[in-house]
Amino acid sequence: SKQLDDAPRYICVCRKYNQGQSHMVSGTTWRRHLEEANTEDERERMRTGRALNGHSIPAFSVPPAESSPFTSADDEPFGPGDNNLPTPGDNSPARDNSPARDNSPARDNPPPACDNHPPTPNNPPAPNNPPAHDDPPADNEIQIDIGPRMRPNIDIDQLIRSAVLPKMQETMEFVHLLRNASLEDPIAKLGEDVLARLRNPHQEPGDIKSPGVRQSISMYLALEHSSQHAYDRIRRAITCNFAGAEGADEILSFKAVEKFIAKYTGVEAIEHDMCPESCLAFTGPYADEDNCPLCGTSRWDQAKMQASGGRLKVAAQTFITIPIGPQLQAVYRNPESAQDMRYLH
């Protein structure tokens with residue numbers, strides 16, 4: 001991590017080390033320069049320069065000039081173009097700071113103003129231009145090549161045999177069952193007729209000619225959030241009030257209409273036992289368990305077991321799964337719904 005942090009990736013515009021000009025430094029050096037900044041204005045400019053990557057950096061707020069070897073009470077700080085200072089080895093006299101200087105030609109053409117850097121007797125170094133995105137990387141930069149990873153070659157059977165911890169053994173058993181899952185798996189609880197329809201689905205649209213059966217299906221779908229008792233009461237009312245009407249005596253009972261819809265569409269519910277406390281389902285490695293391995297609750301309805309002397313085992317709680325395959329096949333049997341399934345094409 002230190003190597004990554006020391007890589008030159010920050011733009012620094014500090015006054016102390018580069019006269020306010022942008023230059024590349026490492027992350028550690030930039031933070032040290034930030035701590036050594038004299039004013040909050042300079043710190044803000046350094047943060048802006050880092051964020052903008054050295055482009056369009058605001059100028060420093062230059063404070064009023066103070067008395068220094070290069071200024072006088074009635075003069076202003078000279079800029080980079082003011083070359084009137086005495087230099088070592090130069091025998092020429094120093095510039096005259098008397099009032100008569102107002103009439104001198106040099107006053108008519110003042111030196112250029114200071115451009116975003118403090119007064120200095122020497123010409124500041126040229127700013128370091130930030131590297132372009134297309135430039136080749138420097139030698140000390142770390143290049144990370146993120147490419148597609150190869151699929152690992154894992155021996156599942158070897159992993160199953162090498163599992164030692166009980167939880168790991170259970171997990172690997174689930175992995176083994178999922179890898180070898182099939183439609184004929186007894187855990188799936190798919191009957192032969194369901195498998196036959198799933199492998200050889202009907203292609204033609206269904207046509208129900210009996211008005212009583214159509215009325216039964218309409219009632220069943222309309223009362224999907226109501227009780228079975230509500231369906232039976234409406235069925236009896238129709239049979240009584242429309243006696244002799246076509247199809248009135250063909251209205252199906254609740255159980256009969258459920259079986260007809262499952263046979264007609266091929267969509268059937270699969271029921272599995274589960275823990276009464278909703279810990280897990282008794283499937284896979286837990287298919288033969290009588291008690292929940294997590295909470296210890298019995299899988300069976302205790303009242304029915306006691307009433308039958310332990311001979312009748314009925315699940316205390318179940319959950320239902322509806323496979324997606326028969327649902328898609330039923331949708332594609334109808335031309336309109338099949339066209340709606342192509343909404344992404």
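**Pocket, cavities and cores in a predicted model**

The largest pocket has a volume of about 510 Å³, and this value, like those below, comes from a predicted model. Of the 15 residues that line the largest pocket, those closest to its centre are Tyr220, Ala262, Val267, Glu268 and Ala269. Besides this pocket, the structure holds two cavities of 30 Å³ or more, and its largest nonpolar core is made up of eleven residues.

**Lining of the largest pocket**

- Helix 11 and helix 13 are the elements that give two or more residues to the lining of the largest pocket, and helix 11 gives the most, with six residues.
- Sorted by class, the lining of the largest pocket has nine nonpolar, two polar and four charged residues.

**Enclosed cavities**

- Rolling a probe the size of a water molecule over the atoms shows where empty space is left.
- The largest cavity holds about 100 Å³ of space, and of the 13 residues that line it, Arg197, Pro201, Thr265, Gly266 and Gln329 are the closest to its centre.
- At least two residues of the lining of the largest cavity come from each of helix 8, helix 11 (254-265) and helix 13 (324-332), and the lining as a whole divides into six nonpolar, four polar and three charged residues.
- The second largest cavity has a volume of about 30 Å³, and its lining consists of Met219, Tyr220, Leu223, Ser226, Ser227, Tyr231 and Phe254.
- In the lining of the second largest cavity, five residues are nonpolar, two are polar and none is charged.
- Tyr220 is listed both among the residues closest to the centre of the largest pocket and in the lining of the second largest cavity.

**Nonpolar cores**

- The largest nonpolar core consists of Ile208, Val213, Ile217, Met219, Leu223, Tyr231, Ile238, Ile251, Phe254, Val257 and Ile261, and the elements that give two or more residues to this core are helix 9, helix 10 (228-241) and helix 11.
- Apart from this core lies another, of ten residues, among them Ile11, Cys12, Val13 and Val25.
- In soluble globular proteins, nonpolar side chains tend to be buried together.
- Valine 257, a member of the largest core, touches Ser216, Ile217, Tyr220, Tyr231 and Leu252 when residues up to four places away in sequence are not counted.
- Met219, Leu223, Tyr231 and Phe254 belong to the largest core and also appear in the lining of the second largest cavity.

**Isoleucine 208, a core residue in a loop**

- Isoleucine 208 is placed in the loop between helix 8 (192-199) and helix 9 (211-222), and it counts as buried because its relative accessible area is 18%, where buried means under 20%.
- Leaving aside neighbours within four places in sequence, isoleucine 208 is in contact with Val213, Arg214, Ile217, Phe260 and Tyr264.
- Isoleucine 208 and tyrosine 264 lie 56 residues apart in sequence, with 9.5 Å between them in space, C-alpha to C-alpha.

**Proline 276, a partly exposed loop residue**

- Proline 276 is found in the loop between strand 3 (270-273) and helix 12 (302-307), and it is classed as partly exposed because its relative accessible area of 25% falls between the limits of 20% and 50%.
- Not counting residues up to four places away in sequence, proline 276 touches Thr297, Ser298, Ala316 and Gln317.
- The C-alpha atoms of proline 276 and arginine 299 are separated by 7.1 Å, although these residues are 23 residues apart along the chain.

Note on methods:
Residues numbered from 1 in each chain as written. Predicted model: local features only at pLDDT ≥ 70, side-chain atom pairs only at ≥ 80, totals over all residues. Heavy atoms only, no water. Helix = DSSP H or I, 4+ residues; strand = E, 2+ residues; numbered from the N terminus. Buried < 20%, exposed > 50% of the residue type's maximum accessible area, 1.4 Å probe, protein only. Contact = heavy atoms within 4.5 Å. 1 Å grid on protein atoms, 1.4 Å probe; cavity = no way out; pocket = protein on both sides within 12 Å on 5 of 7 lines; lining within 4 Å. Points joined across faces, edges and corners; volume = space filled by probe spheres on them. Nonpolar A, V, L, I, M, F, W, Y, C, P; charged D, E, K, R; others polar. Core = buried A, V, L, I, M, F, W, Y, C linked by side-chain atoms within 4.5 Å.
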